[in-house]
Amino acid sequence: MTTFACNQDLILEKMSKVKTNLDLIQWLGYDMSIKVFSYLDNPGDLVRASAVSSSWNDFVIENGLCKQLCLKMIPEISAVVRSIEVDNMIESDGDKLGYYYTTKQERLNRNHRVYALLAFGLIPIDDSCISQAICASSTNDHIRESLTNTLDPRDSTEHGPSYWSSIGQRDPSVTETLLYRLFSKICLVTEINVQPFQAKAIRFRLGRERDPMEIDSKFVVLHDEMTFSRHMIWTYTSPVFSMSQENKLQHFKLPEPVLCSGGFLLVELLGSVQKNEDVNLFYICISHVKVGGRILFPEFVTR
């Protein structure tokens, strides 16, 4: 009998025992099992595999296979692992609100649920992650130069030019701010694009509401930057980006992807270079604001 035949008979004999005595993972061994599971490139397949038996479920969880698959599918997640695992910025449906996971197994179970849901639910947006323009620190003409105009990528509509404009300022260093709501309370933001009219520099903040009360009514009445700071918690602040002095869509790629928990964006326009000589005042105008990245389906529970 050849060596191949002997090996084949041995394999068949072991496979027959799998049906009655051994779990497949035990039979294959750790290294081969990891290799086999690595071929599952769909989160649904991995979740279904973990439901086969308690030993398969333990194997998937203890080896962080959902995390590995999530990072493979969405490489940008690697930049926000600390936010997910240490800061607990995301809660899945199985989590206990406000509960601190102390044991290693509890943390592994939680991370398994969160990374599985991220792999399922974090979807790329072709257009923009912005759902609503809330308010600006000032607006020159609330009818023709509304902040809502910045959601339209067109330079003009049937009603005329489409843009937002600040009120005139004698001091060109005055900062103007624009507040937006994103489509989801959890967004993975990679870049922000802005089409300005001669603004000097720009900075972005991402964050959430400080209090669980309706934000719209407050901001409609109170427009100043102090109000923004008082009622919001900004968990991320970008570097300051210089703006080219031309009317075109400018791309500002963040140094690394940012996991925004709360779903709010503040655009800070740091100074103006556009002066209306007729009235001797400086203005900042913005045609369009767009946020690139991924949003999370509403099945997630966030805090």
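Let me start with S33, which at 1% relative accessibility counts as buried. Please keep in mind that this is a predicted model. S33 is found in helix 3. Setting aside residues up to four places away in sequence, S33 touches I25, L28 and F59. One of these partners, I25, also offers its backbone oxygen, which lies 3.4 Å from a polar atom of the S33 side chain. As for F59, 26 residues separate it from S33 in sequence, and the two C-alpha atoms are 9.1 Å apart in space.

From helix 3 I turn to helix 4, residues 43-50. Which of its residues are buried? They are P43, G44, L46, A49 and S50. The cover over these buried residues includes helix 3 (30-38), where S33 is found. It also includes helix 5 (54-62), helix 6 (65-73) and helix 8 (104-121). The N-terminal end of helix 4 is capped by N42, with a side-chain oxygen 2.7 Å from the backbone nitrogen of G44.

The pairing of helix 4 with helix 8 deserves a closer look. Two packed helices are described by the angle between their axes and the distance between the axes. For helix 4 and helix 8, that angle is about 150 degrees, and the axes are 9 Å apart. On the helix 4 side, the residues that meet helix 8 are P43, G44, V47 and S50. On the helix 8 side, they are H112, A116, A119 and F120. What is the chemical character of the residues in this contact? Five are nonpolar, three are polar and none is charged.

Let me now step back to the chain as a whole. It has ten helices and 17 strands. Of its 303 residues, 45% are buried. Among contacts with a separation of 6 or more, 78% join residues that are 24 or more positions apart.

Next, the interior. In soluble globular proteins, nonpolar side chains tend to be buried together. Here the largest nonpolar core has 32 residues. Those with the most contacts inside this core are L178, Y180, V194, I202, F204, L265 and V267. Which elements give two or more residues to this core? They are strand 3 (130-136), strand 7 (175-182), strand 8 (186-197), strand 9 (201-209), strand 12 (250-261), strand 13 (264-270) and strand 16.

I202 serves as an example of these core residues. Leaving aside neighbours within four places in sequence, I202 is in contact with V194, P239, V240, F241, M243, F252, V267, E268, L269 and L270. Apart from this core lies another, of 26 residues, among them I25, F37, V60 and V81. I25 has already appeared as a partner of S33.

Two histidines come next, and I should like to take them together. Is H288 buried or exposed? At 8% relative accessibility, H288 counts as buried. H288 is found in strand 16, residues 285-296. Beyond four places in sequence, H288 touches T150, L151, D152, P153, N193, V194, Q195 and L249. A polar atom of the H288 side chain lies 2.8 Å from the backbone oxygen of T150.

H251, by contrast, counts as exposed, at 53% relative accessibility. The place of H251 is in strand 12. Its contacts beyond four places in sequence are with E191, I192 and N193. With N193 the H251 side chain makes a polar contact, side chain to side chain, at 3.0 Å. H251 and N193 are 58 residues apart in sequence, yet their C-alpha atoms are 4.5 Å apart in space. N193 is also touched by H288.

One loop residue should be mentioned. N280 lies in the loop between strand 14 (274-276) and strand 15 (281-283). The phi of N280 is near 60 degrees, a positive value in a residue other than glycine. N280 is partly exposed, with a relative accessible area of 37%.

I close with the confidence of the prediction. The chain averages a pLDDT of 82, and 79% of the residues score at least 70. Over residues 96-100, however, the pLDDT is below 50, and this stretch has five contacts in the model beyond near neighbours in sequence. Residues 214-223 also stay under 50 in pLDDT, and for these the model has 23 contacts beyond four places in sequence.

Note on methods:
Residues numbered from 1 in each chain as written. Predicted model: local features only at pLDDT ≥ 70, side-chain atom pairs only at ≥ 80, totals over all residues. Heavy atoms only, no water. Helix = DSSP H or I, 4+ residues; strand = E, 2+ residues; numbered from the N terminus. Buried < 20%, exposed > 50% of the residue type's maximum accessible area, 1.4 Å probe, protein only. Polar contact = N/O pair within 3.5 Å; in protein donor to acceptor, adjacent residues only side chain to side chain. Contact = heavy atoms within 4.5 Å. pLDDT = per-residue confidence, 0-100. Axes fitted to C-alpha atoms, helices over the stretch in contact; angles between N-to-C directions. Nonpolar A, V, L, I, M, F, W, Y, C, P; charged D, E, K, R; others polar. Core = buried A, V, L, I, M, F, W, Y, C linked by side-chain atoms within 4.5 Å.
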